[in-house]
Amino acid sequence: MGLSALPGPTAAAVIVPATGPIVALDTLREPGTLRNFSSVTGVVEVELTAASPRLRLLPGGPLVQAFAYNGTVPGPTLDVHEGDSVVIHFHNQLPESTTVHWHGLHLPADADGSPLVPIAPGRTYDYTFRIPPGSAGTYWYHPHPDRRSTFQVTMGLFGAIIIRPARDPLAARGIPEKLLILSDNRFKSDGAIAFPDPRSFEAEVDLENGREGNVLLVNGQVMPTIQIRRGEVQRWRIVNASAARIYRLALAGQPLVHVGSDGGLFERPMEVPEVLLANSGRVEVLVRGTGTPGSQLLLEDLPYDRYMPQTRPADWDSTRALLQLRVGGGPAIRPVEIPPVLRPIPALDTTHVAARRVIVMSQGLMDGKRMDTHRVDIRAQLGTTEIWEIQNVVGMDHPFHLHGFHVQVLDRDGVPEPYRSWKDTVNVPKHSSVRIVVHFDDFPGKWMYHCHILDHEDEGMMGILELIN
Ligand code: C2O
Ligand code: CU
Ligand code: CU
């Protein structure tokens, strides 16, 4: 049976990539893990090299020019524990400058991999930081050089970071986990990555919308299959490594149990029909093995209109299949009980606020300006708490990201956030505003805040916050 013949209420409207007949196997491959060559407990020391090998980026396709960390796309996962001291010996073997940004991590400014600390071709840099307690969660790393982030990420530079706590309430129940790194790309007929002519209309649309691809990949694979046993509960850590695409994720035929976002687990699980995952954000969900043996459910990306009408893609309202979840044929296992409480998330204190700021995002601009690496846009005092109101004054969504610090959302358009979570990227939908609170407990220096549509970031939709002692 071909995939297009899948039964189900939404099958007709869903774009399912042609990958041949359904295979009954678990085909989802996860990236390898960065090998720790330190023998000291609590110290993680790894080697990471960015280079430009020829790789098979499209399953079954030809070898094409790519950029890769340690030779794979996605790059290997940095898998660490709270409290670990981490040293990453990074080697830039690319033909151009780069940085490695540890998206979402709370670390010293010189380890942040911001555009202020470029690594020239042929050079080596040691990223050294400690993993703070309470930061367990799913993160990712990617290049952040001045004006070249879209290009380098598109060429294949991105990888996941998993931070584990001493005791994880889900792992403690034996719930197995999967890592799903979502990306999208465009390819020429010869299999090479397609970049538009800089003077073309396509290039203009990319600049406006952010680059989107028609090929949706999970861990670099097209429509992989995950097997699940009847009764089994799986935890999926999902990273949106796309340059611009916002995913509206749903499992056709089953609600998701949303258990976490950017900065790790929530206080309590929430059953939801779908989750919105802005680019650079992460979600953690639990899925269940329900249904008859051999049946399959599709993980879908439902239509989400983040666009201005002028450049909205014609097929924006189609649903796209990302992977299939297949219920195995063996005997059912007894479902684990999903813990009703996951962990406490203390509310940041909003009664002693040193500054309240308004940050205005317009198309390509942050507070009416383009980023200037020699300018400081906001000066703040270390040890203080601030409330920022991020206003999006244009007709397109812009996901706002602050480096180095986890924030809590207070309200969106004045509506209090219904639950607490740690975030580092907050999507600000068209013509709306979001208020966030942040506590600058540590790490003086310069920190970027920007729209995480990578084309917008490259164009300078970014500002610099300087924390002073
Ligand atoms: Cu993923 Cu400046 O960030
Ligand atoms: Cu970041
Ligand atoms: Cu933007």
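In this predicted model, H81 of strand β6 has R164 as its bridge partner in β11. The two strands, β6 and β11 (residues 159-164), run parallel and are joined by five bridges. Strand β6 spans residues 75-81, and five of its seven residues are buried, so the strand is largely enclosed by the rest of the structure. R164 also takes part in a network of salt bridges, together with D79, D168, E177, R235, R237 and E284.

That network offers a good place to look at charged pairs. Side chains of opposite charge can pair when their charged atoms come close. Within the network, E284 and R237 meet through their side chains in a salt bridge, with 3.6 Å from N to O. The two residues come from distant parts of the chain: E284 belongs to strand β20 (residues 282-288) and R237 to strand β15 (residues 233-240), 47 residues apart. How accessible is E284, buried or exposed? With a relative accessibility of 1%, E284 counts as buried. R237 likewise has 1% relative accessibility and counts as buried, because the cut-off for that class is under 20% relative accessible area.

Across the structure, the count of salt bridges comes to 34. One of them joins K430 to D305, with the closest N and O atoms 3.5 Å apart. K430 sits in the loop between β30 and β31 (432-439), and D305 in the loop between β21 (296-301) and β22 (319-327), so this pair ties together parts that are 125 residues apart in sequence. Here the setting is partly exposed, with relative accessibility of 26% for K430 and 23% for D305. A further salt bridge brings the side chains of D377 and K369 together at 3.4 Å, N to O. D377 is partly exposed, at 23% relative accessible area, and K369 is partly exposed too, at 33% relative accessibility.

Strands β15 and β20, which carry R237 and E284, belong to an open sheet of six strands. The strand order is β13-β12-β15-β20-β17-β18, and the pairing is mixed. At the edges stand β13 (215-218) and β18 (264-272), each with a single partner strand, so one side of each is left without a neighbour in the sheet. From one strand to the next, the twist averages 25°. Strand β17 (residues 256-261) and β20 run antiparallel and are joined by three bridges; in this pairing, H258 stands opposite V285 of β20.

Another open sheet is made of five strands, again with mixed pairing, in the order β25-β33-β32-β27-β30. Its edges are formed by β25 (378-381) and β30 (425-428), and each has a single partner strand, so one side of each lacks a neighbour in the sheet. The twist in this sheet averages 25° from one strand to the next. Four bridges hold β27 (residues 398-402) to β30 in an antiparallel arrangement, and F400 has V426 of β30 as its bridge partner.

Strand β27 also contributes to a metal site. Which residues supply the protein donors of the copper ion (ligand 2)? They are H101 and H401, each through its NE2 atom, at 1.8 to 1.9 Å from the ion. H101 lies in strand β8 (residues 101-103) and H401 in strand β27, so the pair ties together parts that are 300 residues apart in sequence. Both H101 and H401 are buried.

Beside H101 in the sequence, W102 of strand β8 leads to the aromatic contacts. A search of the whole structure finds 15 aromatic pairs. Among them, F90 and Y127 form a tilted pair, 6.2 Å centre to centre with 55° between the planes. F90 is in strand β7 (residues 85-92) and Y127 in strand β9 (residues 124-130), 37 residues apart, and both are buried. The rings of W102 and F129 have centres 5.8 Å apart and planes at 50°, so this pair is tilted. W102 in β8 and F129 in β9 are 27 residues apart. W102 counts as buried at 0% relative accessibility, and F129 counts as buried at 4%. These four residues join Y69, Y125 and Y141 in one aromatic cluster.

Aromatic rings also meet charged side chains. R211 lies over the face of F195, 4.9 Å from the ring centre, while the charged end of R312 sits over the ring of W316, at 5.8 Å from its centre.

Technical notes. Residues numbered from 1 in each chain as written. Chains lettered and ligands numbered in written order. Predicted model: local features only at pLDDT ≥ 70, side-chain atom pairs only at ≥ 80, totals over all residues. Heavy atoms only, no water. Pairing = 2+ DSSP bridges. Axes fitted to C-alpha atoms, helices over the stretch in contact; angles between N-to-C directions. Salt bridge = Lys/Arg side-chain N within 4 Å of Asp/Glu carboxyl O. Buried < 20%, exposed > 50% of the residue type's maximum accessible area, 1.4 Å probe, protein only. Donors = N, O, S within 2.8 Å, 3.2 Å for Na, K, Ca; no water. Phe/Tyr/Trp six-rings, centres within 6.5 Å; stacked < 30°, edge-to-face > 60°. Lys NZ or Arg CZ within 6 Å of the ring centre and 35° of its normal.
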